[in-house]
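Got the viewer open? Let's take a short walk through this one, a stop at a time.

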Amino acid sequence: MTAKYAIILAAGQGTRMKSKLYKVLHPVCGKPMVDHVLTQIEKNDIDEIVTVVGHGAQKVEATLGTRTQYVLQAEQLGTGHAVLQAEALLGDKEGMTIIACGDTPLFTAKTFEELFEYHKSKGTVATVLTATTDNPFGYGRIIRNEIGIVEKIVEQKDATKEEAAVTEINTGVYCFDNQELFHALHQIKNDNAQGEYYLTDVMEIFKKEEKIVAAYRMKDFSESMGVNDRLALAKATAVMQKRINETHMKNGVTLIDPATTYIDVDVKIGADTVIEPGVQLKGHTVIGNDCHIGAHSEIRDCVLKDGVTVTASFLEEAVMHTGSNIGPYSHLRPQADIGEGVHIGNFVEVKKAQIGKNTKVGHLTYVGDATLGKDINVGCGTVFVNYDGINKHHTNVGDYSFIGSGSNIIAPVQIADHAYVAAGSTVTEDVDAHDMAIARSRQVNKKGYFDHYPVAQAAAEAEKAENK
Ligand code: UD1
Ligand code: CA
């Protein structure tokens, strides 16, 4: 078996992005571009992966972690210079090396695999992955001789008029004989329009040494899109989104309007789930079978079991168990754990709270720092008062209890099973099983008081007018 290596170039600042965030860390469908590249490379059983970092090195390393080795390119003197930094780790090794850029997020593992295979079958020292486009501006051009052999790659800024008219472009991905690569890199110069050491110049060096360079032309240009500015970022996102949505549809998920459905690359969705327009599914969200996600819901890093219904709601880092439902217009915050068959209605916020099976929290309620048992009814406008201005406190409510509307449950407090809280109560003491707590002043009716108020005069006039 020939050993396989990969080098990912990720040291550039990405000036054209006009951003504080380093270019390769800009996300496409929820994952930084350089992570997309690494993820697809990893699927090819690579022996060693080296990422060249420079601008934002610490941030890039923190993002990719131990999945790759790193070399530092302290000064960005060009792509050839960048690859040369990997010499200390790979220089003398025998095998094939794939090089990819951290700003080309759309390449698939399959393309890298095909490139390895093609390179091996041709037995050349270098194979460049090319594509054809009507609008090659900005890319390096592939210059072939009369019989189609690759002679060199010319950058946009160095191209003559004839060269610039070539529509076959360098995708920035290559496969090299590893030792030949480093041998050639030592000979490149920076006498070009940008004063940089171009990786692409190794092709001419190979030609001078009478070594053959091959080109593998891919069919789909869009996969090779390089992201240098925000326009290309949006284009790449659209391509990736289409790809993600099509995969889910092929797996049995209904997207009512794929064009307005935004699903991050690591989201998982079960069959027969229906997703309405304007939905955003983010991060590592996992959705089960037979769920219904209503229009304009946003769900980030949540787990939804089977048969869950979400109607126009915002969910983050929460769990919804089988057959539960929420909305419209409710908010689950981190550590909300919504039990089987639970109903969360409209204008409800739940934070760091467990809600037991079949409990109902129907309207205008805040549940924070609480454990609720099963089959409880929480009345409209209930507030679990969890914060004293300094600390958060916890409340427990037992099974089959009933919390009347408009109650304030002031934590910490224990409400037992089968307990009843009368509407409008402010509960500050524990309530035992089968007891009722009523904690509000009783009603007083004052005889004839209506007539003392100015409103009585207005009412009399209105009545007179109506009876005319
Ligand atoms: C490069 C290619 C071009 C190709 C295009 C494909 C060269 C000279 N040009 O151009 O032929 O069509 O990609 O997208 O290789 N980088 C470093 N260190 C450096 C310079 C760049 O790590 O000193 C990294 C960047 O972070 C980036 C990648 O290399 O991820 C490509 O650099 P970029 O400046 O975007 O090259 P292009 O002009 O797009
Ligand atoms: Ca680029």
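Start by selecting Asp103, bearing in mind that you're looking at a predicted model. Asp103 has 13% relative accessibility, and because the cut-off for buried is under 20%, it counts as buried. To see where you are along the chain, find β6 (96-101) and α5 (109-122): Asp103 sits in the loop between them.

Now show what surrounds Asp103. Leaving out residues up to four places away in sequence, it touches Lys23, Val24, Met33, Met225, Gly226, Val227 and Asn228. Pick Lys23 from that group and display both side chains: those of Asp103 and Lys23 make a polar contact at 2.9 Å.

Next, click on Asn228. You'll find it in the loop between β11 (213-217) and α9 (230-250). Is Asn228 buried or partly exposed? At 22% relative accessibility, Asn228 counts as partly exposed.

What does Asn228 touch, not counting residues up to four places away in sequence? The answer is Arg16, Met17, Lys23 and Asp103. Keep Lys23 on screen, since there's another link to see here: the side chain of Asn228 makes a polar contact with the side chain of Lys23, at 3.0 Å.

For the last stop, select Asp103 and Asn228 together. UniProt lists both under "binding site", in an unreviewed entry. They are spread over 126 residues of sequence, yet they cluster in space, with a largest C-alpha distance of 7.3 Å. If your viewer can draw pockets, turn that on: Asp103 and Asn228 are both in the lining of the largest pocket.

Technical notes: Residues are numbered from 1 along each chain as its sequence is written. Chains are lettered from A and ligands numbered from 1 in the order in which they are written. This is a predicted model: local features need pLDDT of at least 70, side-chain atom pairs count only at pLDDT 80 or more; totals for chains, interfaces and linings use all residues. Side-chain values use heavy atoms; hydrogens and water are left out. UniProt positions are given in the numbering used here, feature names are shortened, and annotations may be inferred rather than shown by experiment. On a 1 Å grid over the protein atoms alone, a cavity is a set of points where a 1.4 Å probe fits but cannot get out, and a pocket is an open set with protein on both sides within 12 Å along at least five of seven lines; lining residues have an atom within 4 Å of a point. Helices (H or I, at least four residues) and strands (E, at least two) are DSSP runs, numbered from the N terminus. Buried means under 20% relative accessible area, exposed over 50%, partly exposed in between (1.4 Å probe, protein chains only). Contact means heavy atoms within 4.5 Å. A polar contact is a pair of N or O atoms within 3.5 Å; within protein, one must be able to donate a hydrogen and the other to accept it, and residues adjacent in sequence count only if both atoms are side-chain atoms.
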